[in-house]
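Welcome! Take a moment to look over the sequence and turn the structure around on your screen. Then we can walk through it together.

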Amino acid sequence: AARPDYSISISTPTNADAHAVSLALRAKRRELGEIGEDKITLPAADAGGMEARTFDLALAVGDRVRLFRRTNAVFKSGRASNIGRNGSVLTVADISTEGLTLRAASGKKGFVPFANLRPDGGERVLLDYGEALTTNTAQGSTVSEHIHALPAGSALVSAFGAYTSGSRHKEQNFIVSSEGAEREEVAGRRPLGDARQIESEDLIGNIVRNFARQPVKEASLDL
């Protein structure tokens, strides 16, 4: 409250992780009275094509949602134009049976018919909660503090993702991982019968090992 310029963001390795973290934060925001009661539940999907993750998306006024593609809205003037693109996070200002009134970070507000959120006339909207974003989506953003959340451990993170999530902040970056997942990976690399206790240094070392990996993509010229 004492710092109007303060900002914080959260990134995760996958869309599924971002969804899970967003659900937890959404529950906290509801406790604080920042979002209302659910007004509608929509069949939704991410932008994964044939392997898209599907889920039911409950929405309330005050929810923050993220787009998966360039999306048009109808504004107060009656003019229709773009309100966001893939990765844009907007706030739900109103909900009707025809669509959502969304407010962008710039303050502009427009009505988005559900048809604009459904690709090729499908039944599912391309929309998810926007409390947390994937590392790739969060790149380019700059905030006061950032949380790099790893619900499934650091196994999916290489140096490239670690750098992207680790350079979003101006002041502090917090890395939060799953102790259970890190322990499992450490144990999996040890020989059978190795009874040594896994210490906290081993867990930190495992994160460092994963964050240091720099996979090389082979090109046709290499072949």
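Which residue does Ser11 stand opposite in E11? The partner is Leu133. Keep in mind as you explore that this is a predicted model.

**The overall picture**

The protein holds 5 helices and 13 strands. Its C-alpha trace spans about 65 × 50 × 30 Å along the principal axes. Of its 223 residues, 39% count as buried. Now think about contacts whose two residues have a separation of 6 or more: 63% of these come from residues 24 or more positions apart.

**An open sheet of parallel strands**

Let us go back to the strands around Ser11. An open sheet is built from 4 strands in the order E11-E1-E12-E13, with parallel pairing. Strand E11 (133–134) and strand E13 (169–177) stand at the edges; each has a single partner strand, so one side of each lacks a neighbour in the sheet.

Strand E1 covers residues 8–12, and 2 bridges join E1 to E11. Strand E12, residues 143–150, pairs with E13 over 7 bridges in the parallel sense. Within that pairing, His148 has Ile175 of E13 as its bridge partner. To get from E12 to E13, the chain passes through helix H3 (residues 159–165), making a right-handed β-α-β crossover.

**More strand pairs**

Strand E2 has pairings of its own. E2 and E3 are antiparallel and share 6 bridges, whereas E2 and E10 run parallel and are joined by 2 bridges. Here are residues from the strand pairs that you can find in the model:

| Residue | Opposite residue or bridge partner | Strand of the partner |
|---|---|---|
| Ser11 | Leu133 | E11 |
| Ala44 | Val125 | E10 |
| Ala45 | Thr54 | E3 |
| His148 | Ile175 | E13 |

**The largest nonpolar core**

Next, look inside. The largest nonpolar core has 24 residues, and those touching the most other members are Leu59, Ile83, Leu100, Leu102, Leu117 and Leu127. Several strands give two or more residues to this core, including E2 (40–45), E3 (54–59), E4 (64–67) and E5 (71–75). Also on that list are E7 (89–95), E8 (99–103) and E10 (125–129). E3 gives the most, with 4 residues.

Ile83 is a good residue to zoom in on. Leaving aside neighbours within four places in sequence, Ile83 is in contact with Thr71, Asn72, Ala73, Phe75, Leu90, Leu102, Ala104, Lys108, Gly110 and Val112.

**A ring with a charge over it**

How many aromatic pairs does the structure hold? The count is 0. Still, the ring of Phe68 is worth a visit: the charged end of Arg66 sits over this ring, 3.9 Å from its centre.

**A stop at Gln197**

Our last stop is Gln197, in the loop between helix H4 (179–189) and helix H5 (200–212). Is Gln197 buried or exposed? Its relative accessibility is 60%, and a residue counts as exposed when this value is over 50%. Therefore Gln197 counts as exposed.

Not counting residues up to four places away in sequence, Gln197 touches Arg190 and Asp202. Finally, try picking out Gln197 and Thr41 at once: they are 156 residues apart in sequence, and their C-alpha atoms are 47 Å apart in space.

How values were computed:
Residues are numbered from 1 along each chain as its sequence is written. This is a predicted model: local features need pLDDT of at least 70, side-chain atom pairs count only at pLDDT 80 or more; totals for chains, interfaces and linings use all residues. Side-chain values use heavy atoms; hydrogens and water are left out. A nonpolar core is a set of buried Ala, Val, Leu, Ile, Met, Phe, Trp, Tyr and Cys residues joined through side-chain atoms within 4.5 Å. Buried means under 20% relative accessible area, exposed over 50%, partly exposed in between (1.4 Å probe, protein chains only). Contact means heavy atoms within 4.5 Å. Two strands pair if DSSP finds at least two bridges between them. Rings of Phe, Tyr and Trp (its six-membered ring) pair if their centres lie within 6.5 Å; planes under 30 degrees apart count as stacked, over 60 as edge-to-face and the rest as tilted. A charge sits over a ring if NZ of Lys or CZ of Arg is within 6 Å of the ring centre and within 35 degrees of the ring normal. A crossover is right-handed if, with the strands pointing away from the viewer, the path from the first strand over the helix to the second runs clockwise.
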